[in-house]
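The exercises below are to be worked with the sequence and the model open side by side. Each task is followed by a solution that proceeds step by step.

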Amino acid sequence: MKQKILVCRALFPVVIERLAQYFEVDYHDRDAPLEPADLAARLADKDGAITLLSDRIDEATIAAASRLRVVSNVAVGYNNFDLAALARAGVSATHTPGVLDETTADTAWALIFASARRIVSADRWLRAGNWQGWQFHDPWLGNDVHHATLGILGMGRIGQAVARRAAGFSMPVIYHNRQRLAVADEAACKASWVDKETLLRNADFLVLLVPYSAATHHCIGSKELALMKPQASLINVARGGIVDDAALIEALQQRQIAGAALDVFENEPALDACFLTLDNVVLTPHIGSSSAATRLAMAQRAADNLIDALHGRRPPNLLNPEVWAARQLMTKEIVR
Ligand code: GLV
């Protein structure tokens with residue numbers, strides 16, 4: 001008998017076909033999340049699940065899922081998982097690091113440029129029929145990207161990919177990370193470690209790439225924004241909640257910083273309506289990894305993780321190796 005899995009969101013048909021070779025697939029073939037109660041009900045008889053960022057997997061969701069052995073997120077971030085609850089239930093968790101680094105770094109750069117050169121507002125203005133002819137003092141005087149200082153908060157794989165691109169624009173790169181990179185990695189991305197305050201005070205473009213956790217909640221708030229240069233732009237391609245959105249709105253309204261470009265929001269998709277009234281912020285709907293090739297690679301990686309885990313092979317991107325190890329031990333003892 002095939003093991004049973006739930007796929008919580010419409011994915012690429014090629015991935016579903018692959019999963020169906022191994023498993024009986026309960027497929028929520030929609031591009032909208034399941035309601036929490038439906039999610040819990042459909043997990044009740046499953047051995048595994050492919051989940052998305054909008055699927056909260058916590059104590060209540062898995063309470064009835066006594067067979068559940070693995071949840072495989074199609075994302076590098078996993079703040080939708082309650083890892084403590086998963087550990088108590090002996091459920092392994094996986095994610096998709098690596099495959100989206102370059103695409104997300106591209107998105108960060110798209111937002112740097114859009115913010116610096118006011119591309120979105122200019123486009124809207126032109127479409128509205130306002131352009132009367134070329135002007136020297138046009139309303140779109142922006143800030144230069146080349147030779148400006150790039151600051152990165154959170155220097156993991158994506159941060160390093162963002163940093164490597166800066167050489168092409170002759171930009172000095174400074175970063176802050178809890179742990180300083182190895183010398184060779186710093187040299188590869190030509191980046192210098194600084195403390196957080198120095199980063200905030202010196203960056204012309206500050207790109208946020210820390211994961212969301214209790215420790216990073218509102219790590220950019222009014223105190224931090226007050227340290228930034230008036231010509232600086234804040235770019236968030238990491239997670240909502242890292243930035244205190246109310247404080248950022250205030251800073252943008254007061255022109256305390258020049259601008260922001262945000263791909264993620266505190267209560268997305270319900271972002272604060274004040275953002276919509278500001279012309280110095282660029283807003284995108286959490287599309288950091290959204291190239292066709294990368295989204296396919298993420299879905300395939302999530303399938304790899306699930307297939308391996310349900311066949312007793314250690315999946316490549318385990319988030320909770322201790323849970324996996326405990327289950328392996330238990331299985332051996334039962335066999336013995
Ligand atoms: C996207 O936000 C991800 O975590 O993959």
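For the classes used below, Ala, Val, Leu, Ile, Met, Phe, Trp, Tyr, Cys and Pro count as nonpolar, Asp, Glu, Lys and Arg as charged, and the others, Gly among them, as polar. The model is a predicted one, in which local features need pLDDT of at least 70 and side-chain atom pairs count only at pLDDT 80 or more, while totals for chains, interfaces and linings use all residues. Residues are numbered from 1 along each chain as its sequence is written, and side-chain values use heavy atoms, with hydrogens and water left out.

**Exercise 1. The ligand shell**

Task: list the residues that surround the ligand, sort their number by class, and find polar partners of its oxygen atoms.

Solution. Begin with the residues near the ligand (one heavy atom within 4 Å of it): L53, A75, V76, G77, L100, R239, H286 and M298 surround it. By class, this shell holds 5 nonpolar, 2 polar and 1 charged residues.

Next, look for polar contacts, which are pairs of N or O atoms within 3.5 Å; within protein, one atom must be able to donate a hydrogen and the other to accept it, and residues adjacent in sequence count only if both atoms are side-chain atoms. The side chain of H286 has an N or O atom 2.6 Å from a ligand oxygen. A polar side-chain atom of R239 is found 2.7 Å from an oxygen atom of the ligand, and G77 places a polar backbone atom 2.7 Å from a ligand oxygen. Of the 190 Å² of accessible area that the ligand has on its own, the protein covers 87% (Shrake-Rupley method, 1.4 Å probe).

**Exercise 2. The largest nonpolar core**

Task: describe the largest nonpolar core by its size and its best-connected residues, and then by the elements and domains that supply it.

Solution. A nonpolar core is a set of buried Ala, Val, Leu, Ile, Met, Phe, Trp, Tyr and Cys residues joined through side-chain atoms within 4.5 Å, where buried means under 20% relative accessible area, exposed over 50%, and partly exposed in between (1.4 Å probe, protein chains only). The largest one has 52 residues, and L19, L150, I152 and V162 have the most contacts inside it.

Helices (H or I, at least four residues) and strands (E, at least two) are DSSP runs, numbered from the N terminus. Among the elements that each supply at least two residues of this core are β1 (3-7), α1 (13-22), α5 (101-116) and α12 (292-310). The largest share, 8 residues, comes from α12. Domain 1 (3-98 + 292-335) and domain 2 (101-283) each give at least three residues to this core, with bounds from an automatic or database domain assignment.

**Exercise 3. Unusual backbone and loop residues**

Task: which residues are joined by a cis peptide bond, and is N320 buried or exposed?

Solution. Most residues other than glycine have a negative phi, and most peptide bonds are trans. E268 and P269 are joined by a cis peptide bond with omega about 5 degrees, and P269 belongs to the loop between β11 and β12. H147, although not a glycine, has a positive phi of about 65 degrees, and with a relative accessible area of 54% H147 is exposed. For R255, also not a glycine, phi is positive at about 55 degrees, and R255 is partly exposed at 47%.

Finally, N320 sits in the loop between α12 and α13 (321-335) and counts as buried at 3% relative accessibility; its side chain reaches the backbone oxygen of V91 at 3.0 Å.
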